[in-house]
Amino acid sequence: MFFERPGGGEKAILVHLDGQDPAEREDPQEFQELARSAGADIVNLVSVGRYQPSAKYLLGSGKVEELRGLVKHDQVELVIVNHTLTPSQERNLERELECRVLDRTGLILDIFAQRARTHEGKLQVELAQLEHMSTRLVRGWTHLERQKGGIGLRGPGETQLETDRRLLRVRIRQIKQRLEKVRGQREQARRGRRRADIPSVSLVGYTNAGKSTLFNALTESDVYAANQLFATLDPTLRRLELADVGPVVLADTVGFIRHLPHKLVESFRATLEESSNADLLLHVIDSHEPERDEQIEQVMLVLAEIGAQDLPMLEVYNKVDLLEGVEPHIQRDESGKPARVWLSAQRGEGLDLLRQAVSELLSEDLFVGTLSLPAELGRLRALLFGAGAVQEERQNDQGTSVLEIRLQRVELNRLLSREGLTPADFIEQHTLQ
């Protein structure tokens, strides 16, 4: 028996599985936030204490019966389950409840589809949706099946189901090719930044931790920021000037979430590579969130999945304005390096501390010293002035230029090599103590 799927519906019943293994259990509060972010009007939240999920419905038959009564009573068009459903479980539940059924992955995909703004973002969402949908095609076109016989019932040699699957495969292949091109363009841009020795800093963190608000505050941008899950999907890059470092590229990226569907991580690979290729990660943490330790753990799991877990990282504890007795400050490790910065991006408090901490971490390899350059190295002197490295210049009695230099060591080495000089030997011979 088949029924018409409604085109869409806002009234929804949420089904949360409570009796699972703690490692697999989802957060009911976060589940409700996800549903609201998708635009659902939550009519009821049904908690299911099920320790042994059933293969047919995931839920027990008694709970399915109870849900059917609630769906009819509240005239609900959508049931959302806070768990991953197999294609057959989803179809069986739809058949029993006679309404649309969505699992956690489908819900997150729907939010992503609403939030994607750029062409690349829309392609990535479509790829994830198609790959999710490819396992959920149902035999709804039986009148076209080639197995049917008789006058007027001979099929076209290919069932509609097979046609749909073939068309899906073609579209998935096309999107992957386009995203591969985008990935190549991003890599080319990154190579250009590396050649120019411009460090890259990437904001990462749990969804709704305040990454976009912090990004806007630091770069004076107007990236969309809202108190909702997955407000940012499309990566945004901005130039940021830092003392002792110069220009850096700051990237705002998609937020992570508990049990982020693997297909989404795959689809957003081009976007997430902005994080995996960064010189420094700023891990933005909601300091007011009761489950912040669990959220930190989930972020580290996703970073491990994209190969970014070993990159230098600075923890940024945001929203300190919601904590009592906590002022913006820098926490340092045993060696004195900045490890955590506590601030409020919303109020703009502690941003100077964050800039200071990032400058310290990026300028660890900064050359600060006095170089003595004879007249024959006038070209090198001009290059140092051109790079903005000269803080002060004076002449000694021998007519030699004495320059106070402040420059990234990698950039200084590049300038020296360009002049055919050996960096290590030159610095040793020409640095004044």
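**View 1. Cavities in the predicted model.** This model is predicted, and four cavities of 30 Å³ or more are counted in it. The largest cavity has a volume of about 60 Å³.

**View 2. Lining of the largest cavity.** The residues lining the largest cavity are Val-201, Leu-218, Leu-240, Leu-242, Val-248, Leu-250, Leu-282, Leu-354, Arg-355 and Val-358. By class, nine of the lining residues are nonpolar and one is charged, with no polar residue. At least two lining residues come from each of E6, E7 and helix H11 (351-362). The greatest contribution is that of H11, which gives three residues.

**View 3. The seven-stranded sheet.** Seven strands make up an open sheet with mixed pairing, in the order E6-E7-E5-E8-E9-E11-E10. Strand E6 (236-242) and strand E10 (329-332) are the edge strands, each paired on one side only. On average, and with direction ignored, neighbouring strands of this sheet are turned by 25° against each other.

**View 4. Pairing of strands E5 and E7.** Strand E5 (residues 200-205) and strand E7 (residues 246-252) run parallel and are joined by four bridges. Within this pair, Ser-200 stands opposite Val-249 in E7.

**View 5. Helix H7 on the sheet strands.** Helix H7 (residues 211-219) lies across five strands: E5, E6, E7, strand E8 (280-286) and strand E9 (313-318). The helix H7 runs at about 155° to E7. Of the strands that H7 lies across, E6 and E7 each also supply at least two residues to the lining of the largest cavity.

Note on methods. Residues are numbered from 1 along each chain as its sequence is written. This is a predicted model: local features need pLDDT of at least 70, side-chain atom pairs count only at pLDDT 80 or more; totals for chains, interfaces and linings use all residues. Side-chain values use heavy atoms; hydrogens and water are left out. Two strands pair if DSSP finds at least two bridges between them. Axes are lines fitted to C-alpha atoms, for helices over the stretch in contact, and angles run from 0 to 180 degrees between N-to-C directions. Contact means heavy atoms within 4.5 Å. On a 1 Å grid over the protein atoms alone, a cavity is a set of points where a 1.4 Å probe fits but cannot get out, and a pocket is an open set with protein on both sides within 12 Å along at least five of seven lines; lining residues have an atom within 4 Å of a point. Grid points are joined across faces, edges and corners, and a volume is the space filled by probe spheres set on the points. Ala, Val, Leu, Ile, Met, Phe, Trp, Tyr, Cys and Pro count as nonpolar, Asp, Glu, Lys and Arg as charged, and the others, Gly among them, as polar.
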